[in-house]
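Here is a structure to be examined through the reasons behind its labels. Each turn asks what justifies a term, and each reply sets a value against the rule that applies.

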Amino acid sequence: MRVLHVSHAWGEGGSGLYADALVNECARQGIPSERFGPADVPDTHARGFTASFANSATESAFTARLRGVNVVHVHHLSGLSMAIPALARAAGAAVVVTLHDYWLRCARGQLVNLDDTRCPGPSQRRCGGCLAPHLWAPLPPQLARRLPPR
């Protein structure tokens, strides 16, 4: 059995530390395991919101690593590609996903508002209010009118 672990970070942060420790433990137990992450993707200068969810360079690099892989263990896909689980299944690998945080539901990853209170969950108004200060470009007027004032 050969396992390919996927993470947006290795050896840092909660999910990166956990994923790194799991790969090391697999190796200690004789289970062939490898890491896949941003360092495995050629720098294509893909930036922006869409590139953090769908990135053809990431998908190509990931697909090239699948030969002989039986299991893909996804730890975090932030900045990689949401297509990774489907690509793994299409190649015949089993897919395991460990949800380390709320990234799939919250762009900030933690379901915590800017004032450090707990967020009850995604909505256009709540997410827009949290993300507006972090956007790189001015918002279109029709969207800006729908957000809470800063």
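What follows is a set of questions and answers on this predicted model.

Q: How do you know which elements make up the protein chain, and in what pattern do they follow one another?
A: The assignment rests on DSSP runs, a helix needing at least four residues and a strand at least two. By that rule there are 5 helices and 4 strands in the protein chain, and read along the sequence they follow the pattern β-α-β-α-β-α-β-α-α.

Q: What makes E1 and E2 a pair of strands, and in which sense do they run, parallel or antiparallel?
A: Two strands pair if DSSP finds at least two bridges between them; E1 (residues 3-6) and E2 (residues 33-36) have 4 bridges and run in the parallel sense, so the requirement is met. One of the bridge partnerships joins valine 6 to phenylalanine 36 in E2.

Q: What makes E3 a partner of E1?
A: The same rule of at least two bridges applies, and 4 bridges join E1 to E3 (residues 71-74), with the two strands running parallel. Valine 3 has valine 71 in E3 as its bridge partner.

Q: Which elements make the right-handed β-α-β unit?
A: The unit is made by E1, helix H1 (residues 13-28) and E2. The term right-handed applies because, with the strands pointing away from the viewer, the path from the first strand over the helix to the second runs clockwise.

Q: Which way do the residues of E1 point, and are they buried or exposed?
A: Val3 and His5 point one way from E1, whereas Leu4 and Val6 point the other way, and all of them are buried. In a regular strand the side chains alternate between the two faces of the sheet.

Q: Why is tryptophan 103 called buried or exposed, and where does tryptophan 103 lie?
A: The relative accessible area of tryptophan 103 is 11%, and buried means under 20%, so tryptophan 103 is buried. Tryptophan 103 lies in the loop between E4 and H4, and its C-alpha atom is separated by 8.7 Å from that of leucine 77, 26 residues apart along the chain.

Q: Why does leucine 104 count as buried or exposed?
A: Leucine 104 has 54% relative accessibility, and the cut-off for exposed is over 50%, so leucine 104 counts as exposed. Leucine 104 lies in the loop between strand E4 (94-97) and helix H4 (124-131), and together with Met82, Val97 and Leu99 makes a nonpolar surface patch of about 400 Å².

Q: What is the phi of leucine 111, and what is the phi of aspartate 116?
A: Leucine 111 has a positive phi of about 55 degrees although it is not a glycine, and aspartate 116, also a residue other than glycine, has a positive phi near 70 degrees. Leucine 111 is in the loop between E4 and H4, as is aspartate 116. With a relative accessible area of 10%, leucine 111 is buried, whereas aspartate 116 is exposed at 67%.

Q: What makes the contact of glutamate 25 with arginine 28 a salt bridge?
A: The rule asks for a side-chain nitrogen of Lys or Arg within 4 Å of a carboxyl oxygen of Asp or Glu; for glutamate 25 and arginine 28 the closest N and O atoms are 2.8 Å apart, so the pair qualifies. Both residues lie in helix H1, 3 residues apart, about one turn of the helix. Glutamate 25 is partly exposed at 30% relative accessible area, and arginine 28 is exposed at 63%.

Q: Which residues does arginine 65 meet in salt bridges, and what do these pairs tie together?
A: Arginine 65 meets glutamate 34 in a salt bridge of 3.0 Å, N to O. Arginine 65 lies in the loop between helix H2 (56-64) and E3 and glutamate 34 in strand E2, so this pair ties together parts that are 31 residues apart in sequence. Arginine 65 also forms a salt bridge with aspartate 40, the closest N and O atoms being 3.2 Å apart. Aspartate 40 lies in the loop between E2 and H2, so that pair ties together parts 25 residues apart in sequence. Arg2, Glu34, Asp40 and Arg65 are linked in a network of salt bridges.

Definitions and conventions
Residues are numbered from 1 along each chain as its sequence is written. This is a predicted model: local features need pLDDT of at least 70, side-chain atom pairs count only at pLDDT 80 or more; totals for chains, interfaces and linings use all residues. Side-chain values use heavy atoms; hydrogens and water are left out. Buried means under 20% relative accessible area, exposed over 50%, partly exposed in between (1.4 Å probe, protein chains only). Patches are made of residues with over 30% relative accessible area and no salt bridge: like charges are joined within 9 Å, nonpolar side chains (Val, Leu, Ile, Met, Phe, Trp, Tyr) within 5 Å. Accessible areas come from the Shrake-Rupley method with a 1.4 Å probe; for residues, only the protein chains shown count as cover.
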